[in-house]
Amino acid sequence: MGRRAFKYSKETVVFNIIAYLFTAILAFLCLLPFLLVVSGSITDESSIVLYGYRLIPVKISFDAYKIAFGNPTIILRAYAVTCFVTTVGTFLSLFLSSMAAYALQRKDFVYRNFFAFFFYFTTIFSGGLVPWYILMVKYLHMKDNYLALIIPGLFGVFNMIIIRSFMSSIPDSITESAKIDGASDFRIFIQLILPLSRPVLVTIGLFIALEYWNDWYLSMLFIQKDNMYPLQYFLYKIISKIDFLRNVAARSSNINLSKISLPSESFKLAMTVIATGPIIFLYPHLQKYFIKGIMMGAIKG
Amino acid sequence: MRNLYRKISIVIAVVMTFALFITGCGQSTQQSDQANATTNAVTSSGPSEPSGTPEQPDDGIDTSKYVVLKAYMLGDKQEDHDLVWGEINKGLKEKINATVEVNLIGWGEYEEKYPLVFASGEDFDLIYTASWAKYLDQAIKGAFLALTEDMLKKYANRVYEGVPEAGWKQAKVNGKIYMVPTNNSGNPSYAIFIRGDLREKYGLPEIQSLEDYEKFLEAVSQNEKGIFPYGDNNANNYWLLTTVMLNQPNNWRYIDCGGYDMMHYVYTDPDSKPFFRYDKPEYLEYLKKVAEWKKKGYWSNSSLTEKTDRIAMFSVGKSASAIDHIGKASQIYNDWKNNHPEWKLEIYDSSFGGKLPGGTYLGDGMAIRATSKNPERALMAIDYLTWEKDINDLVRHGIRGRHYDLTPDGKKISLPDASKYTSGYSMWNFDVLPQIESADAHPKYSEINSSQLSRKTSHPLDAFALNTENIKTEYAACSNLFAEYQAILELGFSNDIEKDLNDFITKIYAAGFDKIVKEIERQAAEYIAEYNK
């Protein structure tokens, strides 16, 4: 017969149309700034000044990309540094955070409340910028060292708390039965708990990875050598230079500051595209884990 | 039992929230306390060795031990930085048995990194400093070594002779000199840039006065509908129209109040004290004139929110004239040679032959860290980098034959590799007078530049900067008001000038401006007394 099992009612159809329309417009509005960035990065600099930013460039020019890739070793090196720091950092951070989360959710761990409080306590206070800098540079000798980019982000207390909440929803009986069979705690963790926690690990992993990918603050403070700069730091340097030239330099009567060349708008946008490009391409692949993770949490309740 | 638990948990929750607030407030003082605790002020007097003849720096100075001096400068690392400094260090090693290792702090980060580098107790010898780059802050904290006249005469005599007396006076903080200024107090005047081809098209005279400039603006506004006669922006709270049309003719200059034109002084009168210009009749007259120009459409209606650099607007042809630092002329001149050969760049002295303010010698300089282990060698390095010709040429221009070359009459031409070593980092304190002319500068540039330099005056308040420590709240409130009203009034956007001006004055006095006035007067008087000692 080829007929559907049930018919959509009229109200549902109307509702669907409105819902789709609304979401589509919202999605387009979110996409708009990014489209402007891409189009601006391939526009000729003088037409930006004359006509402003347009969705369709008035005059196309790949000059900005030419300048950015003019010295490809720097950009490629920065990519390499960022990828390295992100992968190593995310992996280690996930591992450490989930280990701590597992230990804290085990009900037979006598001191778990004390440790939970201890972790939480560290998020309330901070010694300030200068003591941290002195600690890193003078005592831990982490200046111009990749460790300085990886270590500060290794243990996020809130990440650990989220993982812990998820893990406590895994039935204790699994752990108990494994113990009866003679497995060590670490084996239980690696072979039973981690596979079951895949949704939360992927979600938190993505957050951590984004943080590592986007970080420029750590490199600003601790990295001096220019062959160790991550990608975001480049972008930050350009934008802050533009800010500086516009505000301090223009006001100051020091004529030398006016000799510093202002990086062009299109160059700034090109750098943005280069820095965020990979993430945009990676996202669709990870999306299915996100959705799974959200749905998992809903059913469990 | 349950009730007790409840009460305890509520108490703990309240205490925790308190802790949060207290941390938030305590953060900033913690930082500065640490900074003060970890820096120590070391003032050292000159060494006890007998000084030889001032002209030969090596006389009587022991340079047998090889020393590596660590220096911090601001800016971007140039592509050929290592190459050029390699050559510089070769020369330095020969002459004073020392080399300089340069580390760079980027433009956007020097606000955070500069104090950090001192507070963290890092070991270095030299650092670039300037009035706009934290000189006063750090000098007060004792981060820099106090330089005595003896030390300067012995180790850096050429520098000592090279900087005029006003420069050394300006560099004094609490009676001691903490930095080596440059001998060039900068060109504090500006130039009017116009499209010469448009001027010729309408048969207008060269711009020798404000009336001539007005005629040009009128002609463009009437006849060229696609271009704005004048282009400006509100990106940095500083409109050169005011400087050219109001301050310059009356010989007024702003007192450095951190970027807001709160008070002014008359720079041609050595006894001039700070005054408030906003209730003077000249200011009102100026506002009316500017509003008139705006009504005639001389500049865009979006100037208040415009962020584009005014020179960028001018060089792509969005505006027909601009007022800016004369140093930018070469950039446009060369750009138009390639892209718009039919446009002619003409520049005119915006001071129209009047006297110019003196400017500060502290715009660029080098300081020595108070805890440096080799202060004497560091001073010698400054001396050689500034006055030893072959070393200084390397610092200023790069390697001859790779980055630049000289024409037979001594002008500088840029070679294709010139972009690999530019003056885009803070080597400017070594960029002393006399300057080498560039062969591709605008033909009128050196004429106007030297004419302006010859008309410079000198006033004790030239390098004075307001310390806002005691008036923080009033300053914050008033600076917001200045930022809001000045733009509207001085770019001609006000519809009722008298009303807006009175509003402005009433509001700032309501926000405590008289306290600021008293503070400025007091600090200025103290500063002048110190300066004249």
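**Rings, charges and a helix in a predicted model**

The charged end of B:Arg195 sits over the ring of B:Trp343, 3.9 Å from its centre, where a charge counts as sitting over a ring if NZ of Lys or CZ of Arg is within 6 Å of the ring centre and within 35 degrees of the ring normal. In the same way, B:Arg253 places its charged end over the ring of B:Tyr254, 4.9 Å from the centre. This is a predicted model, in which local features need pLDDT of at least 70 and side-chain atom pairs count only at pLDDT 80 or more, while totals for chains, interfaces and linings use all residues. Side-chain values use heavy atoms, with hydrogens and water left out.

Rings can also meet rings, and over all chains the structure holds 49 aromatic pairs (rings of Phe, Tyr and Trp, the last by its six-membered ring, with centres within 6.5 Å; planes under 30 degrees apart are stacked, over 60 edge-to-face and the rest tilted). One of them joins A:Phe84 and A:Tyr146 edge-to-face, at 5.8 Å centre to centre and 75° between the planes. This pair links distant parts of the chain, 62 residues apart, with A:Phe84 in helix H4 (residues 72-105) of chain A and A:Tyr146 in the loop between H6 and helix H7 (147-150) of chain A.

In chain B, the rings of B:Phe276 and B:Tyr278 have centres 5.2 Å apart and planes at 50°, so this pair is tilted. Both B:Phe276 and B:Tyr278 are buried (under 20% relative accessible area, against over 50% for exposed and in between for partly exposed, with a 1.4 Å probe and protein chains only). Ring pairs link them into a cluster whose members include B:Tyr283 and B:Phe482.

Definitions and conventions
Residues numbered from 1 in each chain as written. Chains lettered and ligands numbered in written order. Helix = DSSP H or I, 4+ residues; strand = E, 2+ residues; numbered from the N terminus.
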